[in-house]
Amino acid sequence: RAPTSDLALELKHMGIMEPEEMLFRYDQVYSLERAATEEAEWIAKGDQLLNRAQRLQGFTSLMFQVRRIQHKMAVTTGVNRIVQTLAGNGGDFVTNAARLADMGLDGATSARIKKYITNGTIQMKNGEVHKLNLDKWDPEDMESMTASLNRFVDQQVQRAMIGESNTLFRKNGITALFMHLKSFPLLAIEKQFVRNARLADDETMGMFMYGLAMGAAAYSVKQTVNGNTDRLNLVDISKGAFNMSNLTGWMPMFIDPTAF
């Protein structure tokens with residue numbers, strides 16, 4: 001609601017809230033690692049054209065705009081959940097230190113960050129974070145907080161970090177054209193299912209139920225728009241919800257021959 005607030009500007013300045021389409025510019029080729037043959041040059045030009053078209057589609061389809069909103073929501077939510085937990089205000093992670101540790105905030109790191117709450121460096125208003133004042137933090141603590149927020153956001157919006165996605169799927173336009181619908185659910189296996197299954201807490205169960213609810217809503221809207229109202233029965237909606245849930249959507253894909 002306040003993109004120019006002190007907290008939003010602070011997080012953007014620290015590189016936590018940068019739009020993804022500005023970070024990854026696959027439409028710009030800086031080096032061409034191909035043999036200098038006519039065929040290779042033709043493939044390279046086609047590859048670059050696809051990347052440019054994909055970027056244009058991201059704006060015209062409003063995908064980039066929606067992703068920016070999701071990113072901002074995830075960042076500000078993550079900040080508040082972490083600080084409220086460390087402040088003892090009943091944050092979501094207060095009963096499960098494993099979730100904080102999974103974000104990189106182990107006991108020692110959490111204790112160091114908590115001191116910025118008690119000494120007033122982190123400013124609160126109406127129970128929510130107003131400003132972190134990261135410029136007053138110890139550089140090591142600031143780096144830990146920044147890394148943890150990025151890790152939290154990357155999981156919430158399911159953005160692949162280094163080593164979590166196949167480079168071929170992301171950088172080769174022709175391959176991405178045919179495989180991008182598969183690479184996203186494949187990423188969900190480790191990003192959503194495995195990480196939450198390992199923690200297996202109340203939040204995992206809540207996320208599972210919420211994912212099914214959102215999947216059912218998305219499936220129902222899709223079938224209504226397409227005029228397939230005959231598919232809006234309990235069995236089909238349940239199957240659609242399971243197929244579109246962030247935690248379970250990859251399972252049906254594995255029995256799809258085109259997945260391989």
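Helix α10 is a good place to start in this predicted model. Along α10, the buried residues are Glu 203, Thr 204, Met 207, Gly 211, Leu 212, Gly 215, Ala 216, Tyr 219 and Gln 223. When you look at that list, it helps to remember that an α-helix has 3.6 residues a turn, so residues three or four places apart point the same way. The helix runs over residues 202-225, and at 1.5 Å a residue its 24 residues should span 34 Å; the C-alpha atoms at its ends lie 35 Å apart, which agrees. After α10 comes Gly 227, with a positive phi near 80°.

Now let us turn to the empty spaces. Searching the whole structure turns up two cavities of 30 Å³ or more. The largest cavity has a volume of about 90 Å³. Twelve residues line this cavity, and the closest to its centre are Arg 99, Asp 102, Met 103, Phe 152 and Gln 155. Our helix α10 appears again here: together with α5 (97-102), α7 (139-156) and α9 (173-199), α10 is among the elements that give two or more residues to the lining. The largest share, four residues, comes from α7. By type, the lining holds five nonpolar, two polar and five charged residues.

Helix α7 also leads us to the largest nonpolar core. This core has 25 residues, of which Leu 11, Val 79, Val 83, Ile 122, Leu 132 and Trp 137 touch the most other members. Two or more residues each come from α1 (6-13), α4 (63-86), α6 (107-118) and α7, and α4 gives the largest share, six residues. To see the packing up close, try Val 79: leaving aside residues up to four places away in sequence, Val 79 touches Leu 7, Leu 11, Val 129, Leu 132 and Leu 149.

Methods:
Residues numbered from 1 in each chain as written. Predicted model: local features only at pLDDT ≥ 70, side-chain atom pairs only at ≥ 80, totals over all residues. Heavy atoms only, no water. Expected span 1.5 Å × (residues − 1). Buried < 20%, exposed > 50% of the residue type's maximum accessible area, 1.4 Å probe, protein only. 1 Å grid on protein atoms, 1.4 Å probe; cavity = no way out; pocket = protein on both sides within 12 Å on 5 of 7 lines; lining within 4 Å. Points joined across faces, edges and corners; volume = space filled by probe spheres on them. Nonpolar A, V, L, I, M, F, W, Y, C, P; charged D, E, K, R; others polar. Core = buried A, V, L, I, M, F, W, Y, C linked by side-chain atoms within 4.5 Å. Contact = heavy atoms within 4.5 Å.
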